[in-house]
Amino acid sequence: MLPFQPLLHAGVFALTVLQALASDTFIAAVYEHAVILPDPTDKPVSPDDALALMNKNMDVLEGAVKEAAQQGAHIIVTPEDGIYGWQFTRESIYPYLEDIPAPVVNWIPCTDPSRFGPAPVQERLSCMARNNSIYVVANMGDKKPCNSSDPDCPSDGRYQYNTDVVFDPEGKLVARYHKYNLFMMETQFNYPKEPEAVTFETPFGKFGIFTCFDILFHEPAVVLVSKMQVDTVLFPTAWMNVLPFLTAVEFHSAWAMGMRVNFLAANTHKTSIAMTGSGIYAPDGARTYSYNMKTEDGHLLIAELDAHPRLSSTFPPAISWSSYALSVKRFSQNDRDFTGVIFHDQFTFTELSKPGENLTVCQKDLCCHLSYKMARKRDDEVYVLGAFDGLHVVEGQYYLQICTLLKCKSTDLDTCGQPVETARTEFEMFSLSGTFGTNYVFPEVLYSGVQLAPGEFEVLKDGRLINKTKPTKPVVTVTLFGRWYEND
């Protein structure tokens, strides 16, 4: 039996490659994982205890990999922090780290596990990929020694990186990415000296990869799409939802549409900190997604995507985001503008006081235009049109231009901008646009119950976000979320 096994694996791998080459599409999978967390401690545990915890999580991930492969998936993305969690200091995470070499070493850990020292996590991930003939994307920790000859070397003599790895269907390490934009709580990690633009080729397109908070910054996120011309972005994340604009499923879907690229987002699952929301997104909308704040279960998502979306007949045209808004006069001069706060940013709002009308609200250089007609004006729900043009400075510094139609938490205007998940108001029509100074604008439509609206809205070439269904489902928010990177 032993001589036959390598031949069998080679045959399965060759068949997988041929199937991918024979098609202009591929099957993608993402797994939202309810991570088994270690006990909080400031002191490092033993390497054996660290590995035992990681193996518990990898047992679950391996089950998802096997199921995805059985359903024909060519690649699966697993979440950030999915192997060991996030409750660490710099010292306590050390036993969980491995030395991850650059992919140029041409290494298959499954068949040569000790080549670069102890690497049980890389060995197991490699074997998951090899044994199931599937690309496996995972997040883990990398450690790199340094010394006094490096002026940036930390006092403990090592760099520690939040790292994504990719293993191909033979189990070979084909990509390694060190997270560049660390979230404010990631004090256990260092950021690399330069941002990394990591890509790799597959039989079904060119892939790029980055991690969680990276998505809000020009490097590496925009560089991968605009300069490196990747077809698909892989996105391990540990995303804590922030309504109304930064809920995982709405923002990640919007990012894929705004950047016109496939996007595979795998989130961790922890409802106590509002961590859920994974999906497989295409330039024309979500293929599949999951948002679950009710149970603590993991969830596997699988969908088919165009391997080269730019060549697809459904690839959306380029948008001139400010064209319409700059061509029209201010819709209405009103004296009912007021201010409100959304995620620490001060917006200028105006109320939608009539069943239908044209409105404009401005802040600094941004004017947001809205035409709308409600299916029925309700007395128990209040909506506003809002504009924000400024630098967000809370968990990071990044310049935003946002136009939004949103439901207030109550009929008290002081609640406008506070998180809302449910609504009952439907719209016969809406058309939202803005005088954006950036071409990086992400269209979001969120329905009641944190539901997306794939195929139910579109962005016209002149930058107007409009509804296609009449009436809509109950609306929580309609938003054009702009990132003006040059102003950061």
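Which residues does UniProt place in the feature "domain: CN hydrolase"? The unreviewed UniProt entry puts this feature at residues 31-307. What you see here is a predicted model, so let's walk through it step by step.

## The annotated domain

The span of residues 31-307 is 21% helix and 26% strand. If you look for its two ends, their C-alpha atoms lie 20 Å apart.

## Three annotated residues

UniProt also carries the annotation "active site" (again from an unreviewed entry), and it covers Glu80, Lys179 and Cys212. These residues span 133 residues in sequence, but no two of their C-alpha atoms are more than 10.4 Å apart, so they gather at one spot.

## A look at Lys179

Start with Lys179, which you can find in the loop between β5 (173-178) and β6 (198-202). Is Lys179 buried or exposed? With a relative accessible area of 1%, Lys179 is buried, because buried means under 20%.

Leaving aside neighbours within four places in sequence, Lys179 is in contact with several residues, among them Glu80, Asn162, Tyr191 and Cys212. Two of the names in that list, Glu80 and Cys212, also belong to the "active site" annotation. With Glu80 there is a further detail: its side chain and the side chain of Lys179 make a polar contact at 2.9 Å.

## A look at Cys212

Cys212 sits in another stretch of loop, between β7 (205-209) and α4 (218-227). Cys212 is buried too, with a relative accessible area of 8%.

Which residues does Cys212 touch, not counting those up to four places away in sequence? They are Glu80, Lys179, Phe235, Pro236, Thr237, Ala238 and Trp239.

## Helix α4 and its surroundings

After the loop that holds Cys212 comes α4 (218-227). The buried residues of this helix are Pro220, Ala221, Val222, Val223, Leu224 and Val225. They pack against β5, β6, β7, β8 (232-237) and α5 (248-259). Just after α4, Gln229 takes a positive phi of about 55°.

## A nonpolar patch on the surface

Now turn to the outside of the model. Met184, Met185, Met240 and Ile273 form a nonpolar patch on the surface, and together they have about 360 Å² of accessible area.

One member of the patch, Ile273, lies in the loop between β9 (262-267) and β10 (278-282). Ile273 counts as partly exposed because its relative accessibility is 31%, a value that falls between the limits of 20% for buried and 50% for exposed.

Note on methods
Residues are numbered from 1 along each chain as its sequence is written. This is a predicted model: local features need pLDDT of at least 70, side-chain atom pairs count only at pLDDT 80 or more; totals for chains, interfaces and linings use all residues. Side-chain values use heavy atoms; hydrogens and water are left out. Patches are made of residues with over 30% relative accessible area and no salt bridge: like charges are joined within 9 Å, nonpolar side chains (Val, Leu, Ile, Met, Phe, Trp, Tyr) within 5 Å. Accessible areas come from the Shrake-Rupley method with a 1.4 Å probe; for residues, only the protein chains shown count as cover. A salt bridge is a side-chain nitrogen of Lys or Arg within 4 Å of a carboxyl oxygen of Asp or Glu. Helices (H or I, at least four residues) and strands (E, at least two) are DSSP runs, numbered from the N terminus. Buried means under 20% relative accessible area, exposed over 50%, partly exposed in between (1.4 Å probe, protein chains only). UniProt positions are given in the numbering used here, feature names are shortened, and annotations may be inferred rather than shown by experiment. Contact means heavy atoms within 4.5 Å. A polar contact is a pair of N or O atoms within 3.5 Å; within protein, one must be able to donate a hydrogen and the other to accept it, and residues adjacent in sequence count only if both atoms are side-chain atoms.
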